[in-house]
Amino acid sequence: MTDDALTYVQQRGLGRLAEKMGIEMLEFTVERAVARMPVEGNTQPADLLHGGAYVVLGESLGSMSANLYAGEGRLAVGIEINASHTRSATSGYVTGVCTPIHLGRTLTTHEIAVTDDRGRRCSTIRITNLIKDL
């Protein structure tokens, strides 16, 4: 399932916004999803990674993970997201690691820890998705 799910998401894509931001999925399972994003091109005027960029990375990981968990014939849609930024990335890449906090019948909650190239945590994002039948 690991290789199949990763291949599927790499072929399907993460959506136009994620593509514009240069987000690349590296690992993709129900238990753990990992993606990275370049700092360059995603900064605010002070040359720091834009806070919204962290959130886009987090939502991309959390929503894709929730949809993998939901399975065929169901759709997971985000209903709440929050982020705490604790450090500023200024170069290289940031990497998001998404793990489930709760996987229920109709709700999922994931935490995404975003770190810089030196492994320092820059942002912590939590997203809740509602799972509904198509």
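The following legends describe an overall view and several close-up views of a predicted protein model.

**Figure 1. Overall fold of the predicted model.** The secondary structure of the protein consists of three helices and six strands. Read from the N terminus, these elements follow the order α-α-β-β-α-β-β-β-β. The C-alpha trace extends over about 45 × 25 × 25 Å along its principal axes. For 134 residues, a compact globule would be expected to have a radius of gyration near 14 Å, and the protein agrees with this at 14 Å. Contacts between residues at least 6 apart in sequence include 61% that join residues at least 24 apart.

**Figure 2. Surface and charge of the protein.** Of the 134 residues, 40% are classed as buried. The accessible surface amounts to about 7300 Å², and carbon and sulfur atoms contribute 48% of it. There are 13 positive and 15 negative side chains in the protein. The centres of these two sets are separated by 5 Å.

**Figure 3. Close-up of Ser65 in helix α3.** Ser65 belongs to helix α3, which comprises residues 51–70. Its relative accessibility is 1%, and Ser65 is therefore counted as buried, the limit being under 20%. Within the chain, the side chain of Ser65 reaches the backbone oxygen of Leu61 at a distance of 2.9 Å. When residues up to four places away in sequence are set aside, Ser65 touches Phe28, Ala33, Cys98 and His110.

**Figure 4. Close-up of Asn129 in strand β6.** Asn129 is located in strand β6. With a relative accessible area of 0%, Asn129 is buried. A polar atom of the Asn129 side chain lies 2.9 Å from the backbone nitrogen of Gly78. Gly78 also appears among the residues that Asn129 touches once neighbours up to four places away in sequence are excluded. Further members of that set include Gly62, Ser63 and Ala66, together with Ala76, Val77 and Ile79. Thr106, Leu107 and Thr108 are touched by Asn129 as well.

**Figure 5. Close-up of Ile127 in strand β6.** Ile127 is likewise placed in strand β6. The relative accessibility of Ile127 is 0%, so this residue counts as buried. Ile127 and Glu80 are 47 residues apart in sequence, yet their C-alpha atoms are 5.7 Å apart in space. Glu80 is one of the residues touched by Ile127 when those up to four places away in sequence are not counted. The others in this set are Glu59, Gly62, Ser63, Ile81, Thr108, Thr109, His110 and Ile112.

**Figure 6. Close-up of Asp117 in the loop between β5 and β6.** Asp117 occupies the loop that links β5 (107–115) and β6 (121–133). Its relative accessible area is 54%, and Asp117 is therefore exposed, the limit being over 50%. A polar atom of the Asp117 side chain lies 3.1 Å from the backbone nitrogen of Tyr93. Leaving aside neighbours within four places in sequence, Asp117 is in contact with Ser91 and Gly92 as well as with Tyr93. Thr90 is 27 residues from Asp117 in sequence, with a C-alpha to C-alpha separation of 10 Å.

**Figure 7. Close-up of Asp47 in the loop before helix α3.** Asp47 is situated in the loop between β2 (33–38) and α3. Although Asp47 is not a glycine, its phi is positive, at about 65 degrees. Most residues other than glycine have a negative phi. The relative accessibility of Asp47 is 52%, so this residue counts as exposed.

**Figure 8. Close-up of Tyr8 in helix α1.** Tyr8 is part of helix α1, which comprises residues 2–12. At 49% relative accessibility, Tyr8 is classed as partly exposed, because the exposed class requires over 50%. Tyr8 and Val114 are separated by 106 residues in sequence and by 23 Å in space, C-alpha to C-alpha.

Technical notes:
Residues numbered from 1 in each chain as written. Predicted model: local features only at pLDDT ≥ 70, side-chain atom pairs only at ≥ 80, totals over all residues. Heavy atoms only, no water. Helix = DSSP H or I, 4+ residues; strand = E, 2+ residues; numbered from the N terminus. Rg over C-alpha atoms; globule rule 2.2 N^0.38 Å. Buried < 20%, exposed > 50% of the residue type's maximum accessible area, 1.4 Å probe, protein only. Contact = heavy atoms within 4.5 Å. Areas by Shrake-Rupley, 256 points an atom, 1.4 Å probe, with all protein chains shown as cover. Lys, Arg positive; Asp, Glu negative; His and termini not counted. Charge placed at Lys NZ, Arg CZ, Asp CG, Glu CD. Polar contact = N/O pair within 3.5 Å; in protein donor to acceptor, adjacent residues only side chain to side chain.
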